[in-house]
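Reader: I am new to this structure and would love a close look at a single part of it. Could you pick one strand and walk me through its surroundings?

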Amino acid sequence: MPANAADGHRDVVRHDWTRAEAQAIHDLPFNDLLFRAATVQRRHFDPNKVQLARLLSIKTGGCAEDCGYCSQSAHHESGLKASKLMEVQRVIAEAKKAKEQGATRYCMGAAWRSPKSRDMDSVVAMVEGVKALGMETCMTLGMLSDTDVAQLQHAGLDYYNHNIDTSERYYSEIIKTRSFSDRLDTLARVREAGIKVCSGGIVGLGETIEDRIDMLITLANLDEHPESVPINMLIPIPGTPLENRKKVDPIAFIRVIALARIMMPTSFVRLSAGRTEMSEETQALCFFAGANSIFCGDTLLTADNPGEDKDQALFNKLGIEPMVLEGQPAASTADTTDTEHAGCGCSGTTTCQTATSGL
């Protein structure tokens with residue numbers, strides 16, 4: 001518990017949220033909502049530390065899923081060419097570079113509906129190789145069979161990312177090649193195997209406010225909350241069905257961040273894809289509202305990301321420091337760019353521009 005947390009106060013971690021309760025919180029006057037979310041965060045986390053994650057696309061494009069937001073879908077004319085699965089040694093080399101730059105958790109995403117058995121040996125070798133570097137591992141590979149999960153668990157995978165994307169009601173408007181229940185089934189398999197869960201969604205798909213709330217209710221009412229909850233702002237990609245979606249209102253987006261923090265008080269809430277479209281002021285309010293994790297680096301799978309220089313400049317303005325893994329030495333103020341980074345995020349379940357694919 002952080003030193004500045006409220007004395008002796010704990011939030012009850014609930015799994016029985018109703019729409020009426022969640023809607024009432026979401027609709028609070030903005031200042032009241034921010035105050036409540038910030039208070040919850042301070043009970044469980046240091047409000048001036050943010051978890052950082054690095055993400056690599058290990059297999060890009062050609063995905064059989066038809067996710068309307070995704071540049072990597074074979075159904076869309078986004079101009080993105082399909083690639084083969086990266087060689088294991090190249091992935092490990094990239095992870096080593098990330099570690100040298102301060103990363104402690106490495107997230108790997110493949111544009112698949114689900115992995116083929118012939119690829120699992122390479123995936124397992126990637127997990128084992130990255131772990132041998134002393135880093136935490138996260139994968140997002142789409143849907144998983146029991147056999148896939150067992151192999152990943154045996155390899156020592158720490159986190160699996162698989163976003164639910166939106167509400168169950170709106171889901172079929174965005175994706176038709178798999179069902180909402182398919183995503184929940186994969187999350188259940190991962191959880192049963194003892195692998196930590198990273199699951200969130202995307203704001204700006206054309207959904208209603210009620211859909212955004214229902215998405216968070218689904219996650220908060222799981223038997224165990226996801227350890228990481230990535231909230232993505234849609235990046236409309238030319239050639240995808242959602243290329244003409246309107247930009248999300250920043251205040252509306254911040255309300256989703258705050259509600260996620262309140263409903264899942266001990267989870268990391270990740271400010272994921274779409275940060276390139278956010279002003280520094282919007283990001284600062286997201287951190288105040290409970291976001292305490294981001295992706296570092298210049299790209300998220302196939303989408304642009306602000307980059308470490310911009311992130312460090314913003315952190316300096318806000319007095320925020322990168323979070324360190326337990327047992328790792330804290331970086332000096334003169335060397336914050338090389339701080340040990342923690343966190344995974346990946347954001348969705350069908351690798352995509354929004355870092356969703358599973359991220």
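Author: Happily; here is a tour of one strand and what lies around it. Please keep in mind that this is a predicted model.

Let's start with strand β3, which spans residues 136-140. The strand is mostly covered, with five of its five residues buried. In a regular strand, side chains alternate between the two faces of the sheet. Here Glu136, Cys138 and Thr140 point one way, while Thr137 and Met139 point the other way.

Now look to the partners of β3. Strand β2, residues 105-110, runs parallel to β3 and is joined to it by five bridges. Within this pairing, threonine 140 of β3 has glycine 109 opposite. Together with helix α4 (residues 117-132), the strands β2 and β3 form a right-handed β-α-β unit.

Strand β4, residues 159-161, also pairs with β3 in the parallel sense, over two bridges. There, cysteine 138 faces tyrosine 159 of β4. To get from β3 to β4, the chain passes through helix α5 (residues 146-155), and this β-α-β crossover is right-handed too.

Finally, follow Met139 into the largest nonpolar core, a set of 89 residues. Met139 is among the members that touch the most others, as are Leu141 and Leu152. Helix α9 (residues 250-263) gives this core its largest share, nine residues. As for leucine 152, its contacts beyond four places in sequence include Met120, Val123, Leu141 and Tyr160. Tyr159, which you met opposite cysteine 138, belongs to a second, separate core of six residues that also includes Leu55, Cys107 and Phe295.

Notes. Residues numbered from 1 in each chain as written. Predicted model: local features only at pLDDT ≥ 70, side-chain atom pairs only at ≥ 80, totals over all residues. Heavy atoms only, no water. Buried < 20%, exposed > 50% of the residue type's maximum accessible area, 1.4 Å probe, protein only. Helix = DSSP H or I, 4+ residues; strand = E, 2+ residues; numbered from the N terminus. Pairing = 2+ DSSP bridges. Right-handed = clockwise from strand over helix to strand, strands pointing away. Core = buried A, V, L, I, M, F, W, Y, C linked by side-chain atoms within 4.5 Å. Contact = heavy atoms within 4.5 Å.
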